[in-house]
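Below are some comments on the model you sent, as numbered points. Please read them next to the coordinates.

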Amino acid sequence: MKFPILCFYILLFLAPSLVMGQKRDATIKGKITDSTGAPVKDIRVKLEGQNESAVSGSDGVFSLKVPSGKILTVDFLYLGLSQKQVKIDALKPGQIFEFPPITLSVKMGFSDIIISDSSTKKQGAMQHLNPHNYDYVPNVSGGIEGIVKNFAGVSSNNEMSSQYSVRGGNYDENLVYINDIEVYRPQLVRAGQEEGLSIANTDMVQSLDFSAGGFEARYGDKLSSVLDIHYKQPDSFALKTNLSLLGASGEVEGTTKDHRLQYIAGVRYRNSQYLLSSLDVQGTYLPSFIDAQAYLTYHISDKLSLSYLAYYGNNTYLSIPQTQTTQFGTASTAVQLVI
């Protein structure tokens with residue numbers, strides 16, 4: 001019997017404070033609608049400087065307990081942003097204050113947001129590549145194939161080569177197009193071994209698309225992949241040069257005053273002597289590669305034009321191995337073999 005008596009005394013002690021707490025609070029109520037009179041839900045109603053708040057329901061109605069005896073500032077918020085602010089005179093304890101119908105605009109001044117893809121859209125599995133990324137990809141062979149080799153299913157057994165195989169196919173089973181002109185085996189190599197410059201001049205490329213399978217039938221249906229290259233169609237004169245320890249290149253482009261004739265031409269020279277001299281096998285390495293390309297377009301009319309692609313390449317291979325130094329063993333027993 002002692003436990004019920006103890007609970008009775010505790011309730012008797014807390015009762016005045018509960019009554020005082022109830023009398024100290026007041027209540028505000030209201031309904032929120034939009035400009036058409038429809039109820040608006042999810043509007044947060046809170047007192048300025050306090051954390052207590054209420055949210056309007058699907059019928060737009062809200063109810064919130066507020067302190068009495070002082071002037072109140074009520075904020076109406078939507079998505080965390082202020083929609084309206086109303087001041088109320090001091091309420092009496094237990095008083096219920098009901099707002100007149102509150103009209104809010106929940107558009108928040110935002111305009112419509114349209115998400116679109118600005119990349120080139122093509123049928124099939126063609127993937128658009130940014131040719132400017134070539135400038136940031138270390139590439140020994142000096143061609144755009146350095147970007148292509150990073151795709152899934154594409155492999156190459158020699159970093160000195162621009163050739164690649166796709167999904168186990170042969171190195172000569174890759175279609176290459178330059179401005180819709182098919183280039184059949186631009187470099188005659190064996191199993192992707194070292195060869196000269198790739199067919200595409202990176203300074204002249206404007207757009208690049210690649211597919212490792214599932215491409216459109218207009219490209220052909222018997223080979224492993226498609227590399228679709230489009231050279232620039234210049235509308236003004238420009239000149240570009242590049243110089244490095246491995247070679248040099250230059251490119252010029254322009255158009256006539258009537259824009260009927262557009263031209264772009266490039267020359268490249270590459271020498272791998274300094275790169276090959278760092279191999280274990282020392283000897284005479286004097287490989288040099290040079291090529292020149294020109295692409296001309298003459299517009300007969302707005303819908304008819306003639307294009308001409310010219311290519312010249314001269315690849316010289318000279319490799320005479322003389323000595324090879326190989327070091328192996330452990331830190332305590334180091335062995336060096338010279339052949």
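1. Five strands make up an open sheet in the order S16-S17-S18-S20-S21, and the pairing is antiparallel. Its edges are strand S16 (238–244) and strand S21 (305–316), each of which pairs on one side only. From one strand to the next the twist averages 5 degrees. The model is a predicted one, and the points that follow should be read with that in mind.

2. Within this sheet, S17 and S18 are joined by 9 bridges in the antiparallel sense. One register check is Gly247, whose bridge partner in S18 is Arg270. As general background, strands of a sheet pair through backbone hydrogen bonds, either parallel or antiparallel.

3. The connection between strand S17 (247–255) and strand S18 (261–271) is a loop that contains His259. The backbone there deserves a look: His259 is not a glycine, yet its phi is positive, near 60 degrees. Is His259 buried, partly exposed or exposed? His259 is partly exposed, because its relative accessible area is 41%, and the partly exposed class covers values between 20% and 50%.

4. A second residue belongs under the heading of backbone angles. Asp180, also a non-glycine, has a positive phi of about 70 degrees. Asp180 sits in the loop between S12 and strand S13 (181–182). With a relative accessible area of 53%, Asp180 is exposed, since the cut-off for that class is over 50%.

5. Next, the packing. The largest nonpolar core has 23 residues, and the members that touch the most others are Phe210, Leu227, Ile229 and Tyr231. Two or more residues of this core come from each of helix H2 (145–148), strand S12 (174–178), strand S14 (205–211) and strand S15 (225–231). There is also a second, separate core of 20 residues, with Ile32, Val74, Phe76 and Tyr78 among its members. In soluble globular proteins, nonpolar side chains tend to be buried together.

6. Which residues does Tyr231 touch, leaving aside those up to four places away in sequence? The contacts of Tyr231 are Ile178, Asn179, Ile199, Ala200, Asn201, Met204, Val205, Gln206, Gln293, Tyr295 and Leu309. Asn179, Asn201, Gln206 and Gln293 are included in that list, so a review of the surroundings of Tyr231 should take in these amide side chains as well as the core.

7. The aromatic pairs come to 8 in number. One of them joins Phe62 and Phe76 edge-to-face, with 5.9 Å centre to centre and 80 degrees between the planes. Phe62 is in strand S4 (residues 61–67) and Phe76 in strand S5 (residues 72–78), 14 residues apart, and the pair thus links distant parts of the chain. Both rings belong to buried residues: the relative accessible area is 2% for Phe62 and 0% for Phe76.

8. Phe76 has another edge-to-face partner in Phe99, at 6.0 Å centre to centre and again with 80 degrees between the planes. Because Phe76 lies in strand S5 and Phe99 in the loop between strand S7 (96–98) and strand S8 (102–103), this pair ties together parts that are 23 residues apart in sequence. Phe99 counts as buried, at 9% relative accessibility. Ring pairs join Phe62, Phe76, Phe97 and Phe99 into a cluster.

9. Strand S5 also holds Thr73. Thr73 counts as buried because its relative accessibility is 14%, against a cut-off of under 20%. Not counting residues up to four places away in sequence, Thr73 touches Lys46, Leu47, Glu48, Gln85, Val86 and Lys87.

10. A charge–ring contact is found at Arg218. The charged end of Arg218 sits over the ring of Tyr219, and the distance to the ring centre is 4.4 Å.

11. The last point concerns a hairpin, formed by S22 and S23 with 4 residues between them. Strand S22 (residues 319–329) and strand S23 (residues 334–338) run antiparallel and are joined by 5 bridges. Which residue of S23 is the bridge partner of Gly329? That partner is Ala334.

Conventions
Residues are numbered from 1 along each chain as its sequence is written. Side-chain values use heavy atoms; hydrogens and water are left out. A nonpolar core is a set of buried Ala, Val, Leu, Ile, Met, Phe, Trp, Tyr and Cys residues joined through side-chain atoms within 4.5 Å. Buried means under 20% relative accessible area, exposed over 50%, partly exposed in between (1.4 Å probe, protein chains only). Contact means heavy atoms within 4.5 Å. Rings of Phe, Tyr and Trp (its six-membered ring) pair if their centres lie within 6.5 Å; planes under 30 degrees apart count as stacked, over 60 as edge-to-face and the rest as tilted. A charge sits over a ring if NZ of Lys or CZ of Arg is within 6 Å of the ring centre and within 35 degrees of the ring normal. Two strands pair if DSSP finds at least two bridges between them. Axes are lines fitted to C-alpha atoms, for helices over the stretch in contact, and angles run from 0 to 180 degrees between N-to-C directions.
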